[in-house]
Amino acid sequence: MIRSEPIIAVKNIPESSEFYQNLLGCDSGHGGETFEILTNENVVILCLHKWGEHEHPTMSNPEKEIGNGLILFFRVDNLDQVFKNAKKLNANIEREIHYNENSLKNQFILRDLDNYYLMISE
């Protein structure tokens, strides 16, 4: 088995954790001020790491452009509900639900609290 467990650097772990939990309906698997593991059905979907902690070279400087070359892509089985959750969070929605001719799926695009680019797809 091969599985990706992306880790992104964020300014505020508890706030970002709450954002993703409310957006995706996922769970906190760790919690804390410097690191968080977000899970869905006991599978890690995303880890949050506080900027500047633990001396990771790509997570040391929040002044650099955040997320350049990165898309956080989530597949969900409840796209309409996740979109409603994003609206309730007053999330920065860049594109509402639309059909993507490349993936042949409906999706929407938004930014998280740290300006990461998220694609949510069915």
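This section describes the salt bridges, pockets, cysteines and selected local features of a predicted model.

Charged side-chain pairs were examined across the entire structure, and three salt bridges were identified. Side chains of opposite charge can pair when their charged atoms come close. In the pair formed by E94 and R111, the closest N and O atoms are 2.7 Å apart. This pair connects distant parts of the chain, with E94 placed in strand β6 (residues 92–100) and R111 in strand β7 (residues 105–111), at a separation of 17 residues. E94 has a relative accessible area of 42% and is therefore classed as partly exposed. A salt bridge is also present between E96 and K87, for which the closest N and O atoms lie 3.2 Å apart. Both partners are in the partly exposed class, E96 with a relative accessibility of 46% and K87 with one of 42%. The remaining salt bridge joins E5 to R3, with 3.3 Å between the closest N and O atoms. Here E5 is partly exposed at 36% relative accessibility, and R3 is likewise partly exposed, its relative accessible area being 43%.

Open space in the model was then considered. Rolling a probe the size of a water molecule over the atoms shows where empty space is left. The largest pocket encloses about 440 Å³. Its lining comprises 17 residues, and those nearest the centre of the pocket are N40, I45, F74, R75 and V76. Two elements, β4 (43–50) and β5 (72–75), each supply two or more residues to this lining. The greatest contribution to the lining of the largest pocket is that of β5, which provides four residues. In terms of residue class, the lining of the largest pocket consists of 10 nonpolar, four polar and three charged residues.

The second largest pocket holds about 230 Å³ of space. This pocket is also bordered by 17 residues, with A9, W51, T58, G67 and Y116 lying nearest its centre. Strand β1 (residues 7–10) makes the greatest contribution to the lining of the second largest pocket, with three residues. The lining of the second largest pocket is made up of 11 nonpolar, four polar and two charged residues.

Cysteine pairing was assessed over the whole structure, and zero disulfides were found. A disulfide is a covalent bond between the sulfur atoms of two cysteines. For C26, the closest cysteine sulfur is that of C47, at a distance of 11 Å, which is too far for a bond. The converse also applies, because the cysteine sulfur closest to that of C47 belongs to C26 and is 11 Å away. C26 is buried, with a relative accessible area of 4%, and C47 is buried as well, with a value of 6%. C47 is located in strand β4. The C-alpha atom of C47 is 9.8 Å from that of I13, a residue 34 positions away along the chain.

A further buried residue is N85, which has a relative accessible area of 12% and is situated in helix α2 (residues 79–88). A polar atom of the N85 side chain lies 3.2 Å from the backbone oxygen of N22.

Backbone geometry was examined at two loop positions. Most residues other than glycine have a negative phi, and most peptide bonds are trans. E41, although not a glycine, has a positive phi near 50°. This residue belongs to the loop between β3 (35–40) and β4. With a relative accessible area of 69%, E41 is exposed. N115, also not a glycine, shows a positive phi of about 75°. N115 occupies the loop between β7 and β8 (117–121), and its relative accessible area of 41% places N115 in the partly exposed class.

Terms used:
Residues numbered from 1 in each chain as written. Predicted model: local features only at pLDDT ≥ 70, side-chain atom pairs only at ≥ 80, totals over all residues. Heavy atoms only, no water. Salt bridge = Lys/Arg side-chain N within 4 Å of Asp/Glu carboxyl O. Buried < 20%, exposed > 50% of the residue type's maximum accessible area, 1.4 Å probe, protein only. 1 Å grid on protein atoms, 1.4 Å probe; cavity = no way out; pocket = protein on both sides within 12 Å on 5 of 7 lines; lining within 4 Å. Points joined across faces, edges and corners; volume = space filled by probe spheres on them. Nonpolar A, V, L, I, M, F, W, Y, C, P; charged D, E, K, R; others polar. Disulfide = S-S within 2.5 Å. Polar contact = N/O pair within 3.5 Å; in protein donor to acceptor, adjacent residues only side chain to side chain.
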